[in-house]
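Here are my notes for someone opening this structure for the first time. Have it on screen while you read, and take the points in any order after the opening pair.

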Amino acid sequence: MSAKAIREYDGKLLLAHHLPLAGAASEQASFLAPSFMASLTFDGTLSGAALDAHILAEFDKAEARHPWLRSKRLVCKPDQLIKRRGKNGLLGINLDWDQVKKWIGERATKKIKIDRTTGALNTFLVEAFVPHPQDTEFYVCIQSIREGDLIFFTHEGGVDVGDVDAKAKKLLVPVNKPFPADQIASTLLSEVKSAKHAVLIDFITRLYTVYSDLQFTYLEINPLVVTDDNNIYYLDLAAKLDQTAEFEAGKKWTAALAAAAAPFGRDLTAEEAYIAELDAKTGASLKLTVLNPTGRIWTMVAGGGASVVYSDAIAGHGYAHELANYGEYSGAPSESQTYEYAKTILDLMTRGAPHPEGKFLFIGGGIANFTNVAATFKGIIRALRDYQKPILTHKVKIYVRRAGPNYQEGLRMIKSVGEELELDMHVFGPEMHVTGIVPLALKGHDLLSIANQPSSASGATATKKKVTEVLASKAGKKGGKPVATAAAIASAINENVTFTNKTRSFVYGMQPRAVQGMLDFDFMCKRAQPSVACMIYPFGGHHVQKFYWGTKETLLPVYTSLEEAMAKYPDVDVLVNFASFRSVYDSTMDILKFPQIKTIAIIAEGVPEKRARQLLHTAKEKGVLIIGPATVGGIKPGCYKIGNTGGMMDNIVSSLLYRPGSVAYVSKSGGMSNELNNIISRATDGVCEGVAIGGDRYPGSTFIDHMLRFENDPAAKILVLLGEVGGVEEYEIAKAVKSGLIKKPVVAWCIGTCAKMFTTDVQFGHAGSFANSDMETAEAKNAALKEAGVIVPDTFEDLPDALEQVFTELVANKTIVVAKEPEVPKIPIDYAWAQELGLIRKPASFISTICDDRGQELLYAGVAITEVFKEDVGIGGVLSLLWFKRRLPSYAAKFIEMVLMLTADHGPAVSGAHNTIVTARAGRDLVSSLVSGLLTIGERFGGALDGAAQSFSGAYDKGLSPQEFVDSMRKNNKLILGIGHKVKSRTNPDLRVQIVKEFVFSHFPNSDLLKYALEVEKITTSKKDNLILNVDGAIGVAFVDLLRGCGAFSSEESDEYIQIGALNGLFVLGRSIGFIGHYLDQKRLKQGLYRHPWDDISYLVPENVVEQSSGARTMVEGKVAVERGTVAGAY
């Protein structure tokens, strides 16, 4: 997320609404002329007669909405973020409405080329023409910089305003300071007639108020017209809003600003819009910009910084014209999100006719800090399977380079699927330089040399020569005296060293994973005590959290307030703030009130730029070092690490971060800082300290802040800077090196060199990685650093070689004395992570074969929940999946639903409903009331389905005739479950049974058992009219027919489901619907406690007994109770 340009129409709407409200309630902005604007947008997908009709229809709509178009002289122009429209002939001035229609009609949807960019004109702005003399035109601009908001003003405006930086008067509004209204006249208006001072002071004051309140990052008006009667018109406007501030200022923006305008020539494609929609719905980051749909080189890169260096590498090798897209995925996206992202790219890449030379796909990325590589690769693998044939048809060569948590499994999986699908795929891990696969693919460089020595032989020689010259120059300046060795000062505490092996910190927010990572690092580094003193979490109450110290458990306290934590641990001076972007400003301002805190790391991304600047200036005033926002943190090998920095423990070990080295680096990108750990550990003796300051435009601390710390740290012998396009902070390093403030050798590279090769503006992965001027380009920074005496390689791929050359020479002149390598520490690993990596196994406590919730999508018996809804299987289909683990025929699913409907309720008088009602009226909750009703279900009430199915099917399977079955049950004094009803009879049939019979005979392929039961019914009803086949019996025997006849079950499976109670489950599920209905009914009616009436109870106790021993009491004989409880007419 970053500052986004908005259309002129939207910007002027904002000013028209908010400027009059910006002053005091008593001050009216009478000088603001009324706004007459109309915006017209045309559908570029139309052509021919359809387009002509569409254009005329849009004109008619505009005329109906804005009647003034017919009466005023007008100005018209495209409204698509096009610069210098007047000089490009894109301005129609002093026209009537018919002329405007003609002017726009000739240009609507037509493609034009401006500089290097080609695009279609689809959106136009029409305004009332304001006649005015040249000397009434002014120029005003407000733009945000690190120090505050800078107001530019010139007394000459218009098309030929010239070099504003050189000509304009400037007034800085410092961060956290009030607006200096009293300085406007003397600072900005010295060349303006005094008669216009008052109105301009009022306007500029209001304009700045709106700029600040709505959180603009840039606002330019040229020309600003102030007429002789002191009316103000803003005729042309360009503006940018801080999208990260939407949660604060979004309600003040118009709805049109929800989707910021795309740069000219960069109309958002359907695919880009889809990915943007996915991005908006997730905490991860998903970005896609289609640069050249017919390009042969496509990228699918993880990480904001890594995505830039891949584009740099492709462009640097001469293939910018073939680069099809820019994009990145990061922040641990889910498998389904990665699948959708990968599928979109593969779909775009395999459209159209195959290119005779084939295509390239780079699935790349840096070394992840916390993203599970294998998990994200699962989504990519799914997409590769879906697009196997198109990939083969288009002869796509796939090159994979990835590392980070669980990367070994991820690489194994993707390599395996590449072989299975017969794809032309090449897979590498951290042994390959991050962008080494680019020259390998495009230039066919030797595989081994790419993996182990990224630069060419000639490049290495040139780099060595440059390194030697720079080091010789520095040695001459400082006398060539070596500094103390790293081993000698490893445990020393220097006042300029921020982190030591005694540093302790608070963690703000509930982040157990990050805290455990910090403790594991502490244990590996053999620290005396954990670096985390406690956690602060305002929402959970005081408690303790369990963590591991090595393999032993330990407890960390969690406090709800900063005050309590500070009082308990007065020695702690570092705080790692994991608060969200919405709350991190308030929480950090609270933290800054405590003098004991000297360093704060702010992890959150998306902090509004206004708030970030307020934080950094408040921290500077208090002498507090801020790392972030939008940072992964930093690391001091052998001493301390912030949060998730350095990734998992296996990466900590492979990058030698458990002990100090000699190289200190500072980077913006968290992912690329991990890559630097890898590069430095391979090219030198390792990292001394590394910090990722964050990719936002206004990080709390800058490159120079940390480079000066490193300069004063005797353990740091080589300094590394990884800058990027956007901002000017790298120039401070150049100045410091040139002036001698930094004397140690500096190796630097600024990523984003590809930006100049794109024909349209591209916002890279970080909010701050966008050049607003030539000075902010990566090329200009690299050149300035090189000129100042910094070692700048020719490409990023040459960075490892440059580092190795510097290190070798410093070792040779004894500036660095390589310490003996300590024993590699054992890596403590959590059980859950070890299980995910497949390193351990244990017997499962439970086995489940019906449902799986572990993946990105819930599965019912292997069927994805989305498929369940897509195929509209209904409740019956879901029940068949979860109860029987298979899809049953549609008639079977319908029968299941019918059974649930038939058994849902049978009135309040039956025992289950009665119990539910009594319990509900006793004030119990829904679950208790439902359970009390369900507990009555058994052979006498509702639970006869299984018994009926078993007895009828048993007799049928034995070959007993209906008469033999009835006789055998009478002989054994057993009831025939499923036969008999208290109310219904042959002459008063149960219509529910009729429904079952009709459905079975109409839909079932086999109804033998139902026919058998009906023959039994003929015999029993001949004895007594109410001994009919009841609904339990009908459903029971019909379900046996279903199981045996649908073809989905073997005979053994059918019998097993009958035996284990599946049929009674249908009654329980169906009747639960009715019981819940009765519960809700009683609660809705507010019925009181139920007490059964006396007159409905037979009290069979002796009367008029004065005294009687317990032994003399007479109870009702058992046979009487049996007789009273016998089912009437039971056979």
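**Notes on the model**

1. Let's begin with one pair of residues: Gly634 has Val691 as its bridge partner in S30. The pair belongs to the antiparallel match between strand S27 (residues 633–636) and strand S30 (residues 687–692), which runs over three bridges. Keep in mind throughout that this is a predicted model.

2. Now zoom out to the sheet around that pair. Six strands make up an open sheet with mixed pairing, and the order is S28-S27-S30-S29-S31-S32. Which strands stand at the edges? They are strand S28 (640–641) and strand S32 (746–751); each has a single partner strand, so one side of each has no neighbour in the sheet.

3. A helix goes with this sheet. Helix H23 (residues 670–683) lies across strand S29 (663–667), S30 and strand S31 (718–724). Its direction is at about 160° to S29.

4. For the overall numbers, the protein chain has 41 helices and 35 strands. Of its 1131 residues, 53% are buried. Among contacts in the chain with a separation of 6 or more, 74% come from residues 24 or more positions apart.

5. Next, the nonpolar cores. The largest one has 102 residues, and those with the most contacts inside it are Phe362, Met707, Ile718, Val747, Leu785, Phe796 and Leu803. Domain 2 (270–443) and domain 3 (505–813) each supply at least three residues to this core. Another core, of 58 residues, lies apart from it and includes Val993, Tyr1012, Val1031 and Phe1075.

6. Phe796 is a good residue to click on. Leaving out residues up to four places away in sequence, Phe796 touches Val309, His433, Val434, Thr435, Met672, Ile679, Leu722 and Trp749.

7. Asn369 is worth a stop too. You'll find Asn369 in the loop between strand S17 (359–365) and helix H11 (373–386). Is Asn369 buried or exposed? Asn369 counts as buried, because its relative accessible area is 8% and the cut-off for buried is under 20%. The side chain of Asn369 reaches two backbone atoms: the nitrogen of Gly647 at 3.4 Å, and the oxygen of Gly670 at 3.4 Å.

8. Asn369 also meets parts of the chain a long way along the sequence. The C-alpha atoms of Asn369 and Ser673 are separated by 9.5 Å, although the two residues are 304 residues apart along the chain. Not counting residues up to four places away in sequence, the residues Asn369 touches include Pro405, Val632, Asn644, Met648 and Asn674.

9. Lys77 sits in strand S3 (residues 74–78). You might not look for a lysine among the buried residues, so here is the value: Lys77 is buried, with a relative accessible area of 3%. What does the side chain of Lys77 reach at 3.0 Å? One atom is the backbone oxygen of Leu235. In addition, the side chains of Lys77 and Asp236 are joined by a polar contact of 3.0 Å.

10. There is more around Lys77. Leaving aside neighbours within four places in sequence, its contacts include Glu8, Lys12, Arg85, Trp103, Phe124 and Glu127. Lys77 and Ile93 are 16 residues apart in sequence, with 8.8 Å between them in space, C-alpha to C-alpha.

11. Don't skip the smaller strands. Three of them form an open sheet in the order S33-S34-S35, with antiparallel pairing. Strand S33 (851–852) and strand S35 (863–864) stand at the edges, each with a single partner strand, so one side of each is left without a neighbour in the sheet. S33 pairs with strand S34 (residues 859–860) over two bridges, and the bridge partner of Cys851 in S34 is Tyr860.

12. Last stop: Ser880, in helix H30 (residues 874–884). Ser880 is buried, with a relative accessible area of 1%. The side chain of Ser880 reaches the backbone oxygen of Arg886 at 3.3 Å. Setting aside residues up to four places away in sequence, Ser880 touches Lys885, Arg886, Arg887 and Leu888.

Terms used: Residues are numbered from 1 along each chain as its sequence is written. This is a predicted model: local features need pLDDT of at least 70, side-chain atom pairs count only at pLDDT 80 or more; totals for chains, interfaces and linings use all residues. Side-chain values use heavy atoms; hydrogens and water are left out. Helices (H or I, at least four residues) and strands (E, at least two) are DSSP runs, numbered from the N terminus. Buried means under 20% relative accessible area, exposed over 50%, partly exposed in between (1.4 Å probe, protein chains only). A polar contact is a pair of N or O atoms within 3.5 Å; within protein, one must be able to donate a hydrogen and the other to accept it, and residues adjacent in sequence count only if both atoms are side-chain atoms. Contact means heavy atoms within 4.5 Å. Two strands pair if DSSP finds at least two bridges between them. Axes are lines fitted to C-alpha atoms, for helices over the stretch in contact, and angles run from 0 to 180 degrees between N-to-C directions. A nonpolar core is a set of buried Ala, Val, Leu, Ile, Met, Phe, Trp, Tyr and Cys residues joined through side-chain atoms within 4.5 Å. Domain bounds come from an automatic or database domain assignment.
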